[in-house]
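Thanks for coming. I will take a few minutes on one structure, and I will go through it region by region.

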Amino acid sequence: MTLGDVSGGLGGPADLRALARVRDACDVILVGAGTVRDESYPPYPGGETRQQQRLAKGLAPRPPIAMVTRTGRLPDGHPLVADPQRPPIVIVAGADEAAARSALASTPAGPGIRWIVAGDDTLDWRGALDGLAALGLPRISCEGGPGINGALLEAGLIDEVFLTLAPALVGGEGLRLTSTREPARRTELTLVSALTHGSELLLRYRRDTSADAAASR
Ligand SMILES: NC(=O)c1ccc[n+]([C@@H]2O[C@H](COP(=O)([O-])OP(=O)(O)OC[C@H]3O[C@@H](n4cnc5c(N)ncnc54)[C@H](OP(=O)(O)O)[C@@H]3O)[C@@H](O)[C@H]2O)c1
């Protein structure tokens with residue numbers, strides 16, 4: 001969901017803190033190129049204190065950003081590829097690798113980009129996540145957008161969902177949380193926690209694997 005084409009205006013300060021906490025517990029932030037383009041995604045923005053807290057938990061001070069793309073297309077000067085010291089990881093299918101490499105090669109971060117090539121003609125999502133694990137990055141905070149969320153849903157690769165209900169109504173034609181090629185089907189979730197901050201509701205769900213097992217019988 002977006003307001004003025006970005007998600008930033010939807011949640012309040014508690015939502016931003018919740019997002020920061022998830023980011024601060026992960027090894028890598030996974031995001032689609034559409035969101036990277038629309039939201040001017042920078043590398044992890046956590047300052048010194050958050051980095052020290054991550055180190056104390058045995059994590060790297062800054063989780064890298066892993067961008068999924070077919071084209072590698074980003075606007076000139078995009079912050080994700082502006083810093084040679086903090087290059088992203090880029091995830092592509094084999095058929096798209098050459099074009100994506102060519103699009104990103106001349107960016108300041110280009111030479112330092114780590115590439116994960118998963119699948120031949122189309123992206124193999126399980127292979128992509130295995131590729132992150134092989135880099136020592138198994139705990140993934142996926143930040144969308146809906147296309148990436150939907151692909152992970154179809155591949156059965158979503159474990160948890162952090163959902164904030166912001167106390168506002170907005171119109172428009174926003175996408176769902178998960179957008180899939182196949183018709184919608186239910187994936188059951190179990191509520192893990194529900195926090196309130198004013199009228200904002202911060203929900204954490206875990207995928208109900210017992211429901212998955214029952215459905216496959
Ligand atoms: N409310 C929220 O919390 C929230 C969170 C995140 C995003 N959003 C919003 O969602 C919108 C973007 O969503 P979106 O669904 O259009 O974009 P997206 O899911 O972020 O990214 C779509 C892009 O990812 C790449 N991609 C997708 N599937 C792929 C595959 N199978 N193999 C290789 N690359 C693949 C393609 O990149 P290329 O085009 O580069 O090939 C595709 O155009 C933005 O407006 C953003 O603000 C909202």
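**The ligand shell, then the fold**

I start at the ligand: at least two residues of the shell around it come from helix H2, residues 33-38, and at least two from helix H6, residues 146-154. Before going further, please keep in mind that this is a predicted model. The shell counts 28 residues, and those that come nearest to the ligand are Gly 32, Gly 34, Gly 144, Gly 145 and Gly 147. Sorted by class, the shell around the ligand holds 11 nonpolar residues, 11 polar ones and 6 charged ones.

Now the overall numbers. The protein has 7 helices and 8 strands. Its radius of gyration is 18 Å, and the globule rule gives 17 Å for 217 residues; the two are close, so the protein is as compact as a globular protein of that length. The C-alpha trace spans about 45 × 45 × 40 Å along its principal axes. Of the 217 residues, 27% are buried. As for contacts with a separation of 6 or more, 68% of them are between residues 24 or more positions apart.

On to the sheets. In what order do the strands of the open 5-stranded sheet run? The order is E4-E3-E2-E1-E5, and the pairing is parallel. Strand E4, residues 114-117, and strand E5, residues 140-142, are the edges; each has a single partner strand, so one side of each has no neighbour in the sheet. On average, neighbouring strands here are turned by 25 degrees against each other, with direction ignored. Within this sheet, strand E1, residues 28-32, runs parallel to strand E2, residues 65-68, and 4 bridges join them. One position to look at is Leu 30, which stands opposite Ala 66 in E2.

That takes me back to H6. Is this helix enclosed or open to the outside? Of its 9 residues, 7 are buried, so H6 is largely enclosed by the rest of the structure. The buried ones are Pro 146, Ile 148, Asn 149, Gly 150, Ala 151, Leu 152 and Leu 153. Their cover includes E1, E2 and E5, together with helix H5, residues 125-134. H6 also supplies at least two residues of the ligand shell, as I said at the start. After H6 comes Gly 156, which has a positive phi, near 70 degrees.

The other sheet is also open. It has 3 strands in the order E6-E8-E7, with antiparallel pairing. Strand E6, residues 160-165, and strand E7, residues 189-197, are its edge strands, and each pairs on one side only. The average turn between neighbouring strands of this sheet is 15 degrees, again with direction ignored.

Let me take the two pairings in turn. E6 and strand E8, residues 200-207, are antiparallel and share 6 bridges. Thr 164 has Leu 202 in E8 as its bridge partner, and Glu 160 stands opposite Arg 206 in E8. E7 and E8, also antiparallel, are joined by 8 bridges. There, Thr 196 has Leu 201 in E8 as its bridge partner. E7 and E8 form a hairpin with 2 residues between the strands, and Gly 198 in that hairpin takes a positive phi near 60 degrees. What lies across this sheet is helix H1, residues 13-23: it crosses E6, E7 and E8, and runs at about 30 degrees to E8.

One residue in E8 to finish on: Tyr 205. Which residues does Tyr 205 touch, leaving out those up to four places away in sequence? They are Glu 160, Val 161, Leu 163, Leu 189, Thr 190, Leu 191 and Val 192. Is Tyr 205 buried, exposed or partly exposed? It has 18 other C-beta atoms within 10 Å, and burial takes 20 or more while exposure takes 12 or fewer, so Tyr 205 is partly exposed. Its C-alpha atom is separated by 9.6 Å from that of Glu 188, which is 17 residues apart from Tyr 205 along the chain.

That is the walk through the model. Questions are welcome.

Key: Residues numbered from 1 in each chain as written. Predicted model: local features only at pLDDT ≥ 70, side-chain atom pairs only at ≥ 80, totals over all residues. Near = placed C-beta within 6 Å. Helix = DSSP H or I, 4+ residues; strand = E, 2+ residues; numbered from the N terminus. Nonpolar A, V, L, I, M, F, W, Y, C, P; charged D, E, K, R; others polar. Pairing = 2+ DSSP bridges. Axes fitted to C-alpha atoms, helices over the stretch in contact; angles between N-to-C directions. Rg over C-alpha atoms; globule rule 2.2 N^0.38 Å. Contact = placed C-beta atoms within 7 Å.
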